[in-house]
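Got the viewer open? Let's take a walk through this model together, starting with the whole chain and ending with the helices.

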Amino acid sequence: MNITIAVDAMGGDHGPSVTVPAACAFLARDGAAQVVLVGDPERIEPLLASADAGIRARVRVQLASQVVGMDEPPATALRMKKDSSMRVAINLVKSDEAQAAVSAGNTGALMAISRFVLKTLPGIDRPAIASVLPSLRGHTYVLDLGANVDCTEEHLLQFGIMGAALVSAVEHDERPSVGLLNIGEEEIKGNDVVKKASELLRHSGLNFYGNVEGDDIYKGTTDVVVCDGFVGNVALKTSEGLAQMLATFLRQEFTRSGLSKLMALVALPALKRFKRRVDHRYYNGAALLGLRGVVVKSHGSADVVAFEQAIARAAEAAGNGLLARIGERLALREGAA
């Protein structure tokens with residue numbers, strides 16, 4: 001199956017200076033995919049001038065006359081920016097001209113526009129933001145990361161179903177383990193919503209591990225960790241802050257003296273490997289799950305490496321039938337009920 005990805009070329013902190021070379025880099029490693037770059041052709045076309053002819057042949061530029069600002073209210077973007085690069089990219093998914101859309105733009109606007117244009121899948125009440133975090137076992141998928149602050153037990157069950165479908169699509173694991181984020185492993189722990197969600201997940205047909213705690217995300221205890229958007233976003237931002245603090249501490253210690261600098265030089269190969277394993281750029285790309293189309297949100301400050309990764313995640317999810325897998329798991333649940 002040839003995959004076409006619609007890219008909001010104007011979104012994010014850097015716009016075409018990142019999105020265009022990232023799209024070309026993605027096409028260089030995927031010889032069959034195609035990309036539609038949506039935005040201002042006068043800013044996009046010059047950045048394609050140096051692209052290999054084979055890559056350029058698989059790129060189409062789609063005009064969009066508006067751009068959604070990074071701090072623009074979602075309602076304004078939805079009502080007033082109907083020809084924004086973000087909206088046009090989502091429209092391409094709705095019309096089946098593209099199998100997935102990627103944007104580094106305003107998260108709230110992307111969720112609002114995607115939900116309005118694409119609608120939610122049957123059996124899904126609310127879309128959720130799912131991303132991957134590094135762990136001792138490789139990585140862990142976590143959702144929701146901020147789309148839904150207040151959730152019911154039914155929402156958390158739906159997140160578990162969608163998270164399992166995402167892992168089966170991109171990791172080729174048909175029985176991924178699912179954990180419910182809680183303040184303890186015991187069944188008596190947590191608030192009423194979490195307790196009820198645990199009961200629903202236990203009888204859902206998923207490979208439900210049970211309750212997990214925050215440190216289990218990085219231990220890799222389960223393939224998927226489910227939580228509401230408030231908890232998930234706090235956990236994500238705390239993790240990012242911790243990573244930045246540790247990186248700063250390492251830099252300070254290795255530059256403290258001449259001997260420290262010499263030790264840093266000796267340790268440089270190990271430090272480079274460590275940096276690669278925890279480099280957030282290689283985990284960029286959060287899927288907006290539950291929509292009638294594949295949409296991936298890139299970090300707004302993503303560089304070329306990070307944005308390329310987001311495009312690759314979108315292509316992998318679309319190419320491996322993410323939407324069909326979610327539908328199948330929802331159907332199994334309804335059948336069991």
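What follows goes from the overall build to the sheet, and then to the helix contacts.

Before we start, keep in mind that this is a predicted model, where local features need pLDDT of at least 70 and side-chain atom pairs count only at pLDDT 80 or more, while totals for chains, interfaces and linings use all residues. Residues are numbered from 1 along each chain as its sequence is written, and side-chain values use heavy atoms, with hydrogens and water left out.

Let's zoom out first. The chain's secondary structure adds up to 13 helices and 11 strands; both are DSSP runs numbered from the N terminus, with helices being H or I over at least four residues and strands being E over at least two. The radius of gyration is 21 Å, close to the 20 Å that the globule rule gives for 337 residues, so the chain is as compact as a globular protein of that length. (That radius is taken over C-alpha atoms, and the globule rule is 2.2 Å times the number of residues to the power 0.38.) Along its principal axes, the C-alpha trace spans about 60 × 60 × 35 Å.

Now for the sheet. It is open, has 11 strands and mixed pairing, and reads β3-β2-β1-β4-β11-β10-β5-β6-β9-β7-β8. Two strands count as paired if DSSP finds at least two bridges between them. At the edges sit β3 (59-63) and β8 (207-212), each pairing on one side only. From one strand to the next, the twist averages 25 degrees. As background, strands of a sheet pair through backbone hydrogen bonds, either parallel or antiparallel.

You can find both kinds here. β5 and β6 are antiparallel over 6 bridges, and they make a hairpin with 2 residues between them. Look for serine 135, whose bridge partner in β6 is glycine 138. On to β6 and β9: these run parallel, joined by 3 bridges, and valine 142 has valine 225 in β9 as its bridge partner. Further along, β7 (residues 177-181) pairs with β8 in the parallel sense over 5 bridges, with valine 178 partnered by phenylalanine 208 in β8. Helix α7 (residues 153-171) packs on the sheet, touching β5 (128-135), β6 (138-143), β7, β9 (224-226) and β10 (286-289), and its direction makes about 145 degrees with that of β6. Contact here means heavy atoms within 4.5 Å. Axes are lines fitted to C-alpha atoms, for helices over the stretch in contact, and angles run from 0 to 180 degrees between N-to-C directions.

Which helices does α1 pack against? One is α12 (residues 304-319): α1 (residues 16-29) meets it at an angle of about 55 degrees, with the axes 8 Å apart. The two are therefore oblique to each other; angles under 35 degrees count as roughly parallel, over 145 as roughly antiparallel, 65 to 115 as roughly perpendicular and the rest as oblique. Residues in this contact include Ala22 and Phe26 from α1, and Phe307 and Ile311 from α12. By class, the contact has 11 nonpolar, 3 polar and 2 charged residues. (Ala, Val, Leu, Ile, Met, Phe, Trp, Tyr, Cys and Pro count as nonpolar, Asp, Glu, Lys and Arg as charged, and the others, Gly among them, as polar.)

Another is α2 (residues 41-48), which packs with α1 at about 45 degrees, the axes 10 Å apart. That makes α1 oblique to α2. Here Pro16, Ser17, Val20 and Cys24 in α1 meet Arg43, Ile44, Leu47 and Leu48 in α2, a contact that divides into 6 nonpolar, 1 polar and 1 charged residue.
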